[in-house]
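Subject: Handover of a structure and the findings so far

Dear colleague,

I am handing over to you the structure shown below, together with an account of what was found in it. Please read the notes with the structure open beside them.

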Amino acid sequence: MTVMLEILNLSKTFSQSGALFKSKAVNATKAIDDLSFAILRGESFGLVGESGSGKSTVANSIMGLVNPDEGQILFEGQDLLQMSQNERRTIYQDMQMVFQDPYSTLDPKKTIGWSIMEPLTIHNLGTKEERKERVIQALYDVELDETYYTRYPHELSGGQRQRIAIASTIILKPKFLIIDEGVSSLDVSIQAAILNLLNDLKEKYALTYLFISHDLNVIEYFCDRIAVMHHGKLVEVFNAIDEDKIEHQPYTQKLFDAIPPIYLNK
Ligand SMILES: Nc1ncnc2c1ncn2[C@@H]1O[C@H](COP(=O)(O)OP(=O)(O)OP(=O)(O)O)[C@@H](O)[C@H]1O
C-alpha cells in the first residue's frame with residue numbers, strides 16, 4: 001500500500017495568554033511535540049490518547065485550522081504547509097473532516113438539504129439541479145432518504161445528525177476523511193451503526209480514514225493500525241490485529257487496562 005498522508009516532525013506550542021507570554025515556557029502548552037507517522041491509502045488509521053494529548057491539534061493542523069510551528073504534512077507527497085490558500089482549497093475537496101459535535105456544525109435555521117449542499121456551493125460545483133441530485137444521493141449513502149432534505153436539525157436524533165455530518169463531507173467525494181471523536185457522544189448501539197456505515201462508505205468510495213478517539217475500545221474495533229499519543233508525543237504504532245501478541249509501551253497498556261471488562265470480547 002502507498003502512503004496517503006505523512007506527518008513529519010510536527011510541533012505546535014500554544015501560548016496560553018497571547019503573544020505577551022510567548023517566550024515564557026510556563027505559560028505555553030506543547031500540544032504536539034516532534035510527531036511523525038504515515039497513513040496508508042485504504043486503511044483506517046486510529047489516533048488514541050487521553051483528553052489533552054494533542055489529537056485534535058493534529059487533525060486541525062491537517063485541515064489548516066491550526067498553524068504548526070515546525071514540520072511537514074505531506075498529502076500524496078505534497079506539503080500542505082507550503083501551499084498557497086488556493087492550492088489548499090483545491091486539496092480540501094479530497095480531504096474532509098467530520099467534527100466532534102455535529103449539532104454545533106449544523107445551522108439550526110437551515111434545512112438539512114441546505115447544509116449538505118453547502119460544500120458544493122462553497123466550491124461552486126455543478127448546476128442547481130446537479131447539486132440537489134448529489135445531496136439526495138448523499139442522503140441515501142448515509143441510509144436516510146430524500147424526506148430529510150426539507151427537515152431541520154432539531155427534528156433529528158444524535159445519530160441522524162451524525163449521518164448528516166458524514167453526508168456533507170462525502171458529497172465532495174473525498175479520498176481522505178478525518179473523524180474526530182465522531183461517535184463519542186452517541187449511545188453504544190448508535191455508535192456501532194455509525195461505525196458500520198463508515199465501513200460501508202469506505203468500501204463504496206475507496207476512502208482512507210484518520211479516526212480519532214479517546215476510547216481505545218472503539219479505536220480497536222474500527223481501525224487497522226493504531227497510533228497512541230501522550231502529552232503531544234507518539235508512544236507507539238501497532239496493527240490492531242496484533243494487539244494481544246505484542247508487548248505494548250506502559251502507557252498503552254494502561255489505556256488497555258482501563259477498558260471496562262464488559263467491552264472485552266476475549
Ligand atoms: N487553541 C488553543 N489555545 C491554547 N491551548 C490549546 C488550544 N488548542 C489546544 N490547546 C491545548 O493543547 C493541548 C492539546 O489539546 P488537544 O485538543 O489537541 O487534545 P486532544 O487530545 O484532542 O483532547 P480532547 O480529546 O479533550 O479534545 C491541551 O493542553 C489543550 O489545552
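I begin with a pairing between two strands: Met-97 has Ile-178, a residue of strand E7, as its bridge partner. Please bear in mind throughout that this is a predicted model.

The strands around E7

Met-97 and Ile-178 belong to a parallel pairing, in which strand E6 (residues 95–98) is joined to E7 by 4 bridges. E7 is also joined to strand E8 (residues 208–213), again in parallel, by 5 bridges. Within that second pairing, Asp-180 is partnered by Ile-212 of E8. To get from E7 to E8, the chain passes through helix H7 (residues 188–205), and the resulting β-α-β crossover is right-handed.

How far is E7, residues 176–180, covered? The strand is mostly covered, with 5 of its 5 residues buried. In a regular strand, side chains point alternately to one face of the sheet and to the other. In E7 both faces are covered: Phe-176, Ile-178 and Asp-180 are buried on one side, and Leu-177 and Ile-179 are buried on the other.

The loops on either side of E7

Lys-173 sits in the loop between H6 and E7. Its positive phi of about 55° deserves a note, as Lys-173 is not a glycine. Lys-173 counts as partly exposed because it has 14 C-beta neighbours inside 10 Å. Along the chain Lys-173 and Asp-94 are 79 residues apart, yet their C-alpha atoms are separated by 6.9 Å.

The loop between E7 and H7 holds Ser-184. Is this residue, Ser-184, buried or partly exposed? Ser-184 has 14 C-beta neighbours inside 10 Å and therefore counts as partly exposed. When residues up to four places away in sequence are not counted, Ser-184 touches Ser-213 and Asp-215. By contrast, Ser-184 and Val-142 are 18 Å apart in space, C-alpha to C-alpha, with their positions 42 residues apart in sequence.

The nonpolar core

The largest nonpolar core has 60 residues, and the members that touch the most others are Ala-167 and Phe-211. Helix H6 (residues 158–170) gives the most to this core, namely 5 residues. Ala-167 is in contact with Ile-116, Ala-138, Leu-139, Asp-141 and Val-142, once its neighbours within four places in sequence are left aside.

The antiparallel sheet

An open sheet is formed by 4 strands, in the order E2-E1-E4-E5, with antiparallel pairing. Why is one side of E2 and of strand E5 (78–79) left without a neighbour in the sheet? Both stand at the edges and have a single partner strand each, so one side of each has no neighbour there. The pairing of strand E1 (residues 3–15) with E2 is antiparallel and comprises 9 bridges. In this pairing Ser-15 is placed opposite Ala-28 of E2.

Between strand E4 (70–75) and E5 there is a loop in which Glu-76 lies. Glu-76 is not a glycine, but has a positive phi of about 50°. Because 15 C-beta neighbours lie inside 10 Å, Glu-76 counts as partly exposed.

The surroundings of the ligand

The ligand is surrounded by 13 residues, the closest being Phe-14, Ala-31, Ser-51, Ser-56 and Thr-57. Two elements, strand E2 (28–40) and helix H1 (55–62), each give two or more residues to this shell. H1 provides the largest share, with 3 residues. Which class of residue, nonpolar, polar or charged, makes up what part of the shell? There are 10 polar residues, 2 nonpolar and 1 charged.

The E9 and E10 hairpin

Strand E9 (residues 225–230) and strand E10 (residues 233–239) run antiparallel and are joined by 6 bridges. One of the pairs is formed by Ile-226 and its bridge partner in E10, Phe-238. The two strands form a hairpin with 2 residues between them, and His-231 in the turn has a positive phi of about 50°.

With this I leave the structure in your hands.

Yours sincerely

Conventions: Residues are numbered from 1 along each chain as its sequence is written. This is a predicted model: local features need pLDDT of at least 70, side-chain atom pairs count only at pLDDT 80 or more; totals for chains, interfaces and linings use all residues. A residue is near a molecule or strand if its C-beta atom, placed from the backbone, lies within 6 Å of it. Ala, Val, Leu, Ile, Met, Phe, Trp, Tyr, Cys and Pro count as nonpolar, Asp, Glu, Lys and Arg as charged, and the others, Gly among them, as polar. A residue is buried if 20 or more other C-beta atoms lie within 10 Å of its own, exposed if 12 or fewer, and partly exposed in between; C-beta atoms are placed from the backbone. Two strands pair if DSSP finds at least two bridges between them. A crossover is right-handed if, with the strands pointing away from the viewer, the path from the first strand over the helix to the second runs clockwise. A nonpolar core is a set of buried Ala, Val, Leu, Ile, Met, Phe, Trp, Tyr and Cys residues joined through C-beta atoms within 7 Å. Two residues are in contact if their C-beta atoms, placed from the backbone, lie within 7 Å.
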